[in-house]
Amino acid sequence: MPQYAVLVYQAAPGDPMQISPEYEAALERYPAQVEELGGRGVAGYALQPSTTATSVRGDLVTDGPFIEAKEVVAGFFVIEAPDLDVALKIAKLNPVHLDGGGVEVRPLFTPPAE
Amino acid sequence: MSVGDNAATAVERAVTDAHRREWAFVLAATARVAGDLDLAEECVQDAYLAALDAWARDGIPRKPGAWLTTTAKRKALDVLRREQVFRAKMPLLVEPDEVAMDEPDDDAIPDDRLRLIFTCCHPALARQAQVALTLRLVCGVGTGDIAKAFLVSEPTMAARVTRAKKKISAARIPYRVPDAGELPERLDAVLTVIHLLYTTGHTAASGADLVRADVVGHALNLTRMLMALMPDEPEVRGLLALLLLTDARRATRTDARGRLLRLEDQDRSAWDRAAIEEGRDLVADAFRTGRVGRYALQAAIAALHATADSYAATDWRRILRLYDDLLKVWPSPVVALNRAVAVSMVHGPQAALDEIEALRQDGRLNGYHYLPAVHADLLRRLDRPEEAAVAYRAALSLADNEAEREFLAARLAEVLDPAS
């Protein structure tokens with residue numbers, strides 16, 4: 001089955017200790033919903049707030065996320081889904097919207113066989 | 001001309017005809033096998049080329065669509081077999097064993113045109129890409145002509161189409177008609193794309209631009225095709241009605257010099273009666289279902305305009321009621337602005353001025369020249385020429401279409417010097 005990365009965006013700094021109780025409760029239910037929709041969670045991580053990030057461009061090391069923006073990647077997970085429609089249904093159900101965030105869905109790259 | 005030349009011309013005509021009538025059907029069926037729209041398109045193009053020789057040699061087949069489909073599918077399977085190792089990694093839209101290769105007639109070939117349309121208009125694609133893909137894959141229009149219609153360079157349009165096809169394949173946008181739960185929203189996207197195609201062609205400067213006139217034709221054909229495929233959807237009927245009723249007035253939108261004419265100044269005797277009749281019947285059909293949406297409502301408004309004896313004799317009260325309904329299903333400030341015009345005809349320009357003021361406060365239409373243009377017209381009717389002139393100037397500074405600028409400049413001159 002094709003795999004998709006789902007990048008979870010929230011208002012900076014995206015602190016996992018500051019999420020609302022509703023979001024936290026909904027996250028508990030999320031894996032079961034993913035399966036119900038015909039997908040499967042492969043891996044998932046929440047990140048420390050973007051204030052802890054360090055960016056490296058060549059020799060230049062700077063404090064903060066790679067791109068300064070109002071919203072930052074707060075976490076990401078990988079799912080398997082039969083097609084983009086199912087992946088988008090899973091993305092729509094992601095509870096981050098309860099805290100005003102959103103997600104980006106990107107298909108994972110698999111190199112073509114020789 | 002020799003007999004051979006005649007035969008060659010007949011074959012060419014048959015192939016051209018099959019291109020116009022069957023392109024979408026052949027491509028849609030081939031895409032199932034190819035698993036990739038790019039490959040499918042290549043194979044269909046090859047099949048049309050092959051038809052020129054084969055039909056000259058063996059005669060024109062009884063069912064050209066079936067011949068082309070079988071040929072294109074076979075080419076696709078050949079490519080897949082040749083590149084088996086590489087393609088094994090490619091997502092297949094359906095398993096090859098579902099494909100029966102030697103169907104004798106096209107009744108047995110599943111009609112996949114709806115899948116093709118819904119894939120081209122998938123919400124994961126940008127609107128511009130949806131429009132370009134629909135013209136390219138469903139209507140079979142060349143990239144050069146699409147570029148001309150949308151006033152961009154051919155390489156830009158080619159890149160747009162390629163990017164969209166790559167996304168369909170890489171992100172696995174499914175080749176499927178959406179299920180009942182998603183259908184209303186997804187169908188609305190398809191209708192929006194077709195409507196956008198129509199307006200692109202319709203608002204083009206008159207005469208000079210034949211490519212854009214073709215786009216109008218494609219939009220009408222697409223809607224007719226969609227209606228044949230989804231006969232129970234009132235909004236498809238509504239869109240076809242709206243396009244026909246708008247198109248019935250196409251010839252009178254501008255004068256001999258290409259200047260825009262207001263609805264009230266158009267020659268109603270030159271409107272296309274047959275198109276108006278058909279449009280009106282379609283509106284009635286759509287309303288009978290009791291499930292009218294924004295296209296059927298807009299078509300109903302257009303029908304009242306198209307069947308009125310004059311601008312003044314138009315049934316403005318019914319039009320205003322339809323705008324009230326339209327605003328409920330489609331709360332857009334552009335609808336509110338058009339409704340304000342109807343308000344001015346029922347309750348007078350002063351009442352409409354309040355609606356305009358609310359829209360100006362709202363702010364979403366700042367930058368849309370039609371707001372100050374309507375404002376100016378109301379002020380003119382209230383005999384407030386200085387304020388009208390200010391509003392006409394504001395409209396002029398926002399309009400980018402030459403015909404509309406000329407129209408506004410003429411109105412401005414009128415309020416500045418009423419004697420002229």
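Colleague: Is R288(B) buried or exposed?
Modeller: In this predicted model, local features need pLDDT of at least 70, side-chain atom pairs count only at pLDDT 80 or more, and totals for chains, interfaces and linings use all residues. Residues are numbered from 1 along each chain as its sequence is written, chains are lettered from A and ligands numbered from 1 in the order in which they are written, and side-chain values use heavy atoms, with hydrogens and water left out. Buried means under 20% relative accessible area, exposed over 50%, and partly exposed in between (1.4 Å probe, protein chains only). At a relative accessible area of 64%, R288(B) is exposed.

Colleague: Which side chain does R288(B) meet in a salt bridge?
Modeller: A salt bridge puts a side-chain nitrogen of Lys or Arg within 4 Å of a carboxyl oxygen of Asp or Glu. The partner sits three residues away in helix α12 (residues 273-288) of chain B, about one helical turn; helices are DSSP runs of H or I, at least four residues, numbered from the N terminus. The partner, at 2.6 Å (N to O), is D285(B).

Colleague: Which residue of helix α15 meets D324(B) in a salt bridge?
Modeller: D324(B) lies in helix α14 (residues 316-329) of chain B, and the pair ties together parts that are 15 residues apart in sequence. The partner counts as buried at 15% relative accessibility. The N to O distance is 2.6 Å, and the partner is R339(B).

Colleague: Which residue of helix α16 also meets R339(B)?
Modeller: Helix α16 covers residues 349-362 of chain B. The partner is partly exposed at 29% relative accessibility. At 3.1 Å, N to O, the salt bridge is with E355(B).

Notes
Helix = DSSP H or I, 4+ residues; strand = E, 2+ residues; numbered from the N terminus.
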